[in-house]
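Dear colleague,

I am handing over the structure we spoke about, and below it you will find an account of what turned up when its helices, contacts and charged pairs were examined. Please read the notes with the coordinates open beside you.

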Amino acid sequence: MPDRASAAPGPAERAETGDLGDRLAGLLAELPVAQRTAVVLRHVVDLPVAEVAAVLACSEGTARSHAARGLAALRIRLTADTTEETA
């Protein structure tokens with residue numbers, strides 16, 4: 001009976017995922033506190049916007065703005081890091 005391929009990630013995939021996680025953590029640390037907090041609470045912890053707003057003591061619109069701006073900054077920085085690595 002042939003061995004079935006495991007659905008679990010292999011060592012190379014785990015290393016790449018770990019590297020990306022480390023890079024994202026470093027990039028998150030560079031964000032302003034309100035943006036970092038909003039991104040983590042909304043997209044990592046998965047809190048609703050109303051709860052993010054309560055934690056940040058701001059309106060829901062401002063909490064959405066902090067999260068959106070934080071994500072945009074992360075995308076730009078992550079893209080810049082990736083571009084530098086391939087250059």
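Helices here are DSSP runs of H or I with at least four residues, numbered from the N terminus. With that numbering, Ala-57 has its place in the loop between H3 and helix H4, the latter covering 60–86. Please bear in mind throughout that this is a predicted model.

I begin with helix H3, residues 49–56, in which Val-49, Val-52 and Ala-53 are buried. Looking down the axis of H3, one finds these buried residues within an arc of 100°, so they line one face of the helix. The general background is that an α-helix has 3.6 residues a turn, so residues three or four places apart point the same way. On the face of H3 that is turned away from its buried side sit the exposed residues Ala-54 and Val-55.

Two loop residues, one on either side of H3, deserve attention for their backbone angles. Asp-46, in the loop between helix H2 (33–44) and H3, has a phi near 65°, which is a positive value in a residue other than glycine. Ala-57, which follows H3, likewise is a residue other than glycine with a positive phi, in its case near 55°. As for accessibility, Asp-46 counts as exposed because its relative accessibility is 58%, and Ala-57 is exposed because its relative accessible area is 70%; the cut-off for exposed is over 50%.

The packing of H2 against H3 comes next. Two packed helices are described by the angle between their axes and the distance between the axes. For H2 and H3, the axes come within 10 Å and cross at roughly 145°, and the crossing in which H2 passes H3 is right-handed. On the H2 side the contact is made by Ala-34, Thr-37, Ala-38, Leu-41 and Arg-42, and on the H3 side by Val-49, Val-52, Val-55 and Leu-56. Sorted by character, the residues of this contact of H2 with H3 comprise seven nonpolar, one polar and one charged. Val-49 and Val-52, which take part in this contact, are also among the buried residues of H3, whereas Val-55, another participant, is exposed and belongs to the face turned away from the buried side.

Helix H2 also contains Gln-35, which counts as buried because its relative accessibility is 16%, the cut-off for buried being under 20%. Leaving aside residues up to four places away in sequence, Gln-35 touches His-66, Arg-69 and Gly-70.

Turning to the charged residues, side chains of opposite charge can pair when their charged atoms come close. How many salt bridges does the model contain? The count comes to three, and I take them in turn.

The salt bridge between Arg-77 and Glu-30 has its closest N and O atoms 3.9 Å apart. This pair links distant parts of the chain, since Arg-77 is in helix H4 and Glu-30 in helix H1 (residues 11–30), with their positions 47 residues apart in sequence. Arg-77 is partly exposed, its relative accessible area being 27%.

In a further salt bridge the side chains of Asp-46 and Arg-42 meet at 3.8 Å, N to O. The exposed loop residue with positive phi is thus paired with a residue that also takes part in the contact of H2 with H3. Arg-42 counts as partly exposed, at 28% relative accessibility.

The remaining salt bridge joins the side chains of Glu-60 and Arg-64, at 3.7 Å from N to O. Because Glu-60 and Arg-64 are four residues apart in helix H4, they are separated by about one helical turn. Glu-60 is partly exposed, with a relative accessible area of 37%, and Arg-64 counts as partly exposed at 46% relative accessibility.

Finally, there is Asp-81, whose place is in helix H4 and which is partly exposed, with a relative accessible area of 25%. Asp-81 and Arg-23 lie 58 residues apart in sequence, while their C-alpha atoms are 9.0 Å apart in space. Not counting residues up to four places away in sequence, Asp-81 touches Arg-23 and Leu-27.

With best regards

Notes. Residues numbered from 1 in each chain as written. Predicted model: local features only at pLDDT ≥ 70, side-chain atom pairs only at ≥ 80, totals over all residues. Heavy atoms only, no water. Buried < 20%, exposed > 50% of the residue type's maximum accessible area, 1.4 Å probe, protein only. Arc of directions from axis to C-beta. Contact = heavy atoms within 4.5 Å. Axes fitted to C-alpha atoms, helices over the stretch in contact; angles between N-to-C directions. Left-handed = near helix turned anticlockwise from the far one by under 90°. Nonpolar A, V, L, I, M, F, W, Y, C, P; charged D, E, K, R; others polar. Salt bridge = Lys/Arg side-chain N within 4 Å of Asp/Glu carboxyl O.
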